[in-house]
Amino acid sequence: MKKILLPIDFSETSDNAFVYALEMAKIFKAELVLLHTFELPIVDSQSLPLNYAMIYETIELTNFDHFKEKMPKLHTIAEQRNLSHIAMSHILMDGDLVYNIKKVVKQENIDFVVMGTKGAEGWLDSFLGTNTGSVISDVSVPVLSVPIGAKFSKFENIAFTTRFRKKDIEALVKVVLMAKKLHAKVKCLHVKTSDSDVNTDTINRWKSHFEDEENLQFFIIPSDEVNETIEDFLVTQDIDLLAMLTYKRNFFVELFTNTTTQKLSYHLKTPILAFHE
């Protein structure tokens, strides 16, 4: 991991994600690329017969000045965490956020994206909406979604849910490698339902494949209540990070809309690491 991209809007949510991005950059000795986007208006030449170039230039300068005014706040956050040595570059772009993220990921050879998501009721909407949800679906690199309720601390336990599909193996390998850098344990969870087609031989092959990984544990829990079982697992195993492939995106809808208030407040503090299928 050499370059981490963080879209910023200087909100509390963005600042919180900035802390995670800084800490990840420290651990992986990576450069942090900060992206700030803004929208240019559509000008009607008949109702507003002015010099278009002058209008757009004024808007761009205003956004650039705003960007310069807000950056010292981020530098202060970095200094407070003794991370001012982290290499940072800045990109200011007009246009759609998701489009620009995809463009920067390609042009800058980004390895990892960190995004802040809103808290309370807006967190689910933000995660599944046009921003985070679209980035997770469209970007080929891993995306770490950081809810505003999350407070950075050492990652000790990472959960990875699987149905033991072949395409899960590559993602699990990445999670295990990341966990080694974080000095964390990976807890691979499979909820075995009564109609599951996963047999014991498949499970044993996976265990054999990863038998040399001391920081990896497999948990096979029989239950037809998949979401509830995963929820309980996150709580009882003190999970700090939930990792999974993007084909499980529908899982988030059920997970975060069918929970008690107490469990929902817990999930709002759990960052989600999504790998592109």
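The chain folds into 10 helices and 10 strands; helices (H or I, at least four residues) and strands (E, at least two) are DSSP runs, numbered from the N terminus. What you see is a predicted model, where local features need pLDDT of at least 70, side-chain atom pairs count only at pLDDT 80 or more, and totals for chains, interfaces and linings use all residues. Residues are numbered from 1 along each chain as its sequence is written, and side-chain values use heavy atoms, with hydrogens and water left out.

Let's begin with the whole chain. Of its 277 residues, 48% count as buried; buried means under 20% relative accessible area, exposed over 50%, and partly exposed in between (1.4 Å probe, protein chains only). A contact means heavy atoms within 4.5 Å. Among contacts between residues at least 6 apart in sequence, 81% join residues at least 24 apart.

Now for the sheet. How are the 10 strands ordered in the open sheet? They run β3-β2-β1-β4-β5-β10-β9-β6-β7-β8, with mixed pairing; two strands pair if DSSP finds at least two bridges between them. At the edges are β3 (88–94) and β8, each pairing on one side only. From one strand to the next, the twist averages 25°, using axes that are lines fitted to C-alpha atoms and angles that run from 0 to 180 degrees between N-to-C directions. Strand β1 (residues 3–7) pairs with strand β4 (residues 112–117) in the parallel sense over 2 bridges, and L5 has V113 in β4 as its bridge partner.

Next, look for the aromatic rings. A search of the whole structure finds 8 aromatic pairs. Rings of Phe, Tyr and Trp (its six-membered ring) pair if their centres lie within 6.5 Å; planes under 30 degrees apart count as stacked, over 60 as edge-to-face and the rest as tilted. Two of the pairs are shown here.

| Pair | Type | Centre to centre | Between the planes |
|---|---|---|---|
| F210 and F218 | tilted | 6.4 Å | 55° |
| F219 and F233 | edge-to-face | 5.2 Å | 70° |

The pair of F219 and F233 links distant parts of the chain: F219 sits in strand β8 (residues 216–222) and F233 in helix α8, 14 residues apart. Both F219 and F233 are buried, and F210 and F218 are buried too. Ring pairs also link F164, W206, F210 and F218 into a cluster.

Finally, follow helix α8 (residues 226–236), where N227, T229, I230, E231, F233 and L234 are buried. After α8 comes D238, whose phi is positive, near 55°.
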